[in-house]
Structure formats: structure tokens, C-alpha cells
Amino acid sequence: MKEDMIKQHLREVPLFKELSEEELQPIVDISQMRTYKAKSFVFMQGDILDRVFFIHSGKVKIQKTDVTGKEQIVSVLQAGEMFPHAGFFRKGTFPAHAEILESAQLIVTPIADFEKILIQYPELCIKLFKVLGEKIVDLQDRLEEQILHNTYEQIIKLLLRLCKSNGIQVNEKYTLTTQFTNRELANMIGTSRETVSRTITQLKRKKLIDIDENGCFIMIPDKLEEEII
């Protein structure tokens, strides 16, 4: 039964894990499960913001485009994550494009209906605000990196951030679960592909990072941190 599938998937989202059956059911009632193919768009920057999405499987790239057409990758989201984070209790448009990187199953929930449920269940509202607070701290950290660190250090900071958001830990090493090109890394921090390429070559030469058979980075965060201190 589709309703049971949605309920099972929502239970895997950290935001909903501790909810009772009674608290979860209203969210299940207003939600739908949709499958998206790789390279398709969930929404485009500037579309009316009327839905929120929870990832059951697959990966979603969030990227912004400025007036000149230049792209900046904001993040690559994976199973269990919610997007967009902007849009609750306000009218507006989607702040970025959401592109499917790998075939994905998403739970789609209308924001207006979700907001009514949040008001009914204050504990869920508090959990959501904690998630949003973490995103604000992340954005503050990124701004600080731009101000206080040179490009070499910014690239290392980016790799460390990706360890946490897109990495799997085995002992002291992290392996990224997504393959990022040098251009994509450059787009994340507003530098050039050539600069990222030179830095990656330096870090490989110093044996601070490696690449696995899938083209994904392997690194030891503690050693990378020493490059910044």
C-alpha cells in the first residue's frame, strides 16, 4: 500500500524518527511519493515555492545561477535529507535549481499543509528550527572561510565539509560517496577549475588525499586540518 510506503520512508528521515503514529499520520496523509530520473529537475530557481521534499533514495544537486548564468553548487543532498530549507511561514520562490544526480525517490509535501501540522505539533516545529539553525551555522562558517582563508585553505575547508555531508568514515579515513569534478568543486567556493586542479595535485603529492576506483576522494580529515592550522 502506497501510504504504508510513505510512512516507512518518512520514518527514515531524522526529522520524523521520534514521532508517534498519531503525529506522523497527518504528514503521511498530505504527502506523495514520486520517482525522478537522473538529470531531471525537481524545480527551477524562481519557481513558486509551494512544496518541500524528503529524499528516500538517490542524490539531488542544489545549485544557484546568477544573472550572468554563472553556476554555484550549494550542496549535494542524499537519503534522509530535506530540501529546500527556505520557505516556511513565508511566501516566495525556490532559491535554487534542484537537479537529480542519481535516479531518486522523493516524498513531496505541500508547504501550506505542512505548516498547519507544524503549528499543531510544537515539538516537530522545534526540531525543524534546529535543522534550520544548523543550516544557518553552516552558511556562517562558509562566509567566514571566504573572509579569513586563502583559496588553498578554502579548498581544504570544502573537502573537510564534504567529508561530513557526503562521506563515509572507515577508521580515520573518509571516502566521499559522490564523485565531484574540479569544476564542481570550484563552483562551490567561487574559484577557478584550474586553481582547484593545482590544489588537488598538491594535496595528492603530499599524500593528504587519494582517489578510489570510482573517482571519489579518500582523505584523512586530521591531516588536512594540519594544513590550515
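Biologist: In this predicted model, what are the helix and strand percentages over residues 149-222, and how far apart are the end C-alpha atoms?

Modeller: Over residues 149-222 the chain is 53% helix and 19% strand, and the C-alpha atoms at the two ends are 18 Å apart. The stretch carries the UniProt annotation "domain: HTH crp-type", which comes from an unreviewed entry.

Biologist: How many helices and strands does the protein chain have?

Modeller: The secondary structure of the protein chain amounts to eight helices and ten strands.

Biologist: What does the radius of gyration of the protein chain indicate?

Modeller: One compares the value with that of a compact globule. For 229 residues such a globule would have a radius of gyration near 17 Å, and the 19 Å of the protein chain agrees with this. Along the principal axes, the C-alpha atoms fill a box of roughly 55 × 45 × 35 Å.

Biologist: Which percentage of the contacts with a separation of 6 or more joins residues 24 or more positions apart?

Modeller: In the protein chain, 68% of the contacts with a separation of 6 or more are between residues 24 or more positions apart. As for burial, 45% of the 229 residues count as buried.

Biologist: How should the exposed area and the charges be read?

Modeller: The area is read together with the atoms that supply it. The protein chain exposes about 12,700 Å², of which carbon and sulfur atoms supply 52%. For charge, one considers both the counts and the placement of the two sets. There are 31 positive and 34 negative side chains, and the centres of these sets lie 5 Å apart.

Biologist: Is Lys-7 buried or exposed?

Modeller: A residue counts as buried when its relative accessible area is under 20%. Lys-7 is therefore buried, since its relative accessible area is 15%. Lys-7 belongs to helix H1, residues 2-11. Apart from neighbours within four places in sequence, Lys-7 is in contact with Glu-21, Leu-24, Gln-25 and Val-28.

Biologist: Where does Ala-86 lie, and why is Ala-86 classed as partly exposed?

Modeller: Ala-86 lies in the loop between strand S5 (82-83) and strand S6 (97-110). The class follows from the cut-offs: partly exposed covers the range between buried, under 20%, and exposed, over 50%. Ala-86 is partly exposed because its relative accessible area is 35%. If residues up to four places away in sequence are not counted, Ala-86 touches Leu-49 and Pro-95.

Biologist: How far apart are Ala-86 and Tyr-174 in sequence and in space?

Modeller: Ala-86 and Tyr-174 are 88 residues apart in sequence, and their C-alpha atoms are 30 Å apart in space.

Technical notes
Residues numbered from 1 in each chain as written. Predicted model: local features only at pLDDT ≥ 70, side-chain atom pairs only at ≥ 80, totals over all residues. Heavy atoms only, no water. UniProt positions renumbered as here; feature names shortened; annotations may be inferred. Helix = DSSP H or I, 4+ residues; strand = E, 2+ residues; numbered from the N terminus. Rg over C-alpha atoms; globule rule 2.2 N^0.38 Å. Buried < 20%, exposed > 50% of the residue type's maximum accessible area, 1.4 Å probe, protein only. Contact = heavy atoms within 4.5 Å. Areas by Shrake-Rupley, 256 points an atom, 1.4 Å probe, with all protein chains shown as cover. Lys, Arg positive; Asp, Glu negative; His and termini not counted. Charge placed at Lys NZ, Arg CZ, Asp CG, Glu CD.
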